[in-house]
Amino acid sequence: MFIKKLFIFLIITLSFTQYSFATDNIKAQNNAYWHNNKGLIYLEEKYYFGAIKEFQIAIDLNPNSQASAVFYTNLGKTYEKIGHYELAKSCFEKAVSLNILCFDYYLNLVENYKKLNIIDEKLTQYKNNKSSPLNEVVIGLLYIQKGETKTGITMLDEFCNKEPNLLITTGIKKYLEKLSKN
């Protein structure tokens with residue numbers, strides 16, 4: 001009888017000690033999403049300093065993944081809201097480099113170039129850089145931002161015809177449809 005009670009006591013004791021010695025794993029990626037969401041709340045409340053800090057924390061926790069392109073984009077948009085277009089430019093460029101197949105990131109970047117009045121400079125730069133076929137997307141958007149809409153639409157349309165199966169092509173087609181309605 002004593003052995004049975006001792007055995008039950010040991011089982012109960014060991015089952016409770018399992019919880020007291022458990023360690024929580026910190027998942028930086030989950031924390032990054034949490035900080036990004038908090039930054040979005042601050043942005044909505046027009047608390048830009050807090051939003052910038054939260055987006056920066058999210059980036060620091062998860063700096064080089066495809067998902068962190070969203071954090072860089074949110075940080076860039078926040079910088080634009082407070083008039084820091086140069087800081088926003090580096091955020092948008094980083095977002096494009098982390099997720100090269102998201103059309104919205106290219107659009108944000110080129111719109112930022114327009115705000116910085118560097119459309120012509122960037123157009124020359126991208127025309128001379130043949131390292132990526134995705135540069136054609138930027139060139140088309142630059143022409144549109146410059147006011148040469150027909151040339152830009154033609155370039156984007158040609159890109160869609162050449163690369164119909166890329167993820168970015170869907171975004172380009174939606175953008176072209178939106179432009180044609182205007």
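Analyst: Quick ground rule first: axes are lines fitted to C-alpha atoms, for helices over the stretch in contact, and angles run from 0 to 180 degrees between N-to-C directions. This is a predicted model, where local features need pLDDT of at least 70 and side-chain atom pairs count only at pLDDT 80 or more, while totals for chains, interfaces and linings use all residues. Residues are numbered from 1 along each chain as its sequence is written, and side-chain values use heavy atoms, leaving out hydrogens and water.

User: Cool. At what angle do helix 8 and helix 9 pack?

Analyst: About 160°, and their axes are 7 Å apart. Helix 9 is residues 149-162 (helices are DSSP runs of H or I, at least four residues, numbered from the N terminus). That angle makes helix 8 roughly antiparallel to helix 9 (over 145 degrees is roughly antiparallel, under 35 roughly parallel, 65 to 115 roughly perpendicular, the rest oblique).

User: Which residues of helix 8 and helix 9 make the contact?

Analyst: Helix 8 brings E136, V137, I139, G140, L141, Y143 and I144. From helix 9 come T149, T151, G152, I153, M155, L156, F159 and K162. Contact here means heavy atoms within 4.5 Å.

User: And by class, what does that contact have?

Analyst: It has 9 nonpolar, 4 polar and 2 charged residues. Ala, Val, Leu, Ile, Met, Phe, Trp, Tyr, Cys and Pro count as nonpolar, Asp, Glu, Lys and Arg as charged, and the others, Gly among them, as polar.

User: Ok, how far apart are the axes of helix 7 and helix 8?

Analyst: Those axes are 10 Å apart, and the two helices pack at about 155°. Helix 7 and helix 8 are therefore roughly antiparallel to each other. In this contact, I119, D120, K122, L123, Y126 and K127 of helix 7 meet N135, V138, I139, L142, Y143, Q145 and K146 of helix 8. The split is 7 nonpolar, 2 polar and 4 charged.

User: Staying there, which residues of helix 7 are buried?

Analyst: In helix 7, which spans 119-128, the buried residues are I119, K122, L123 and Y126 (buried is under 20% relative accessible area, exposed over 50%, partly exposed in between, with a 1.4 Å probe and protein chains only). They cover an arc of only 105° around the axis, so they sit on the same side of helix 7. The arc is taken from the directions from the helix axis to the C-beta atoms.

User: Which residues are exposed on the other side?

Analyst: E121 and N128 are exposed there.

User: What covers the buried residues of helix 7?

Analyst: The cover includes helix 5 (85-98), helix 6 (103-115) and helix 8 (135-146).

User: How do helix 6 and helix 10 pack?

Analyst: Their angle is about 55° and their axes are 8 Å apart, with helix 10 running over residues 167-181. That makes helix 6 oblique to helix 10. F103, Y106 and L107 of helix 6 make the contact with I168, G171, I172 and Y175 of helix 10. By class that is 6 nonpolar, 1 polar and no charged.

User: New topic: where is T73, and is it buried or exposed?

Analyst: T73 is in helix 4, residues 68-81. T73 counts as buried because its relative accessibility is 6%. Setting aside neighbours within four places in sequence, T73 is in contact with F92, A95, Y105 and N108.

User: And what does N74 touch?

Analyst: N74 touches N36, L40 and F55, not counting residues up to four places away in sequence. N74 is in helix 4, and at 12% relative accessibility N74 counts as buried. N74 and A51 are 23 residues apart in sequence and 8.9 Å apart in space, C-alpha to C-alpha.
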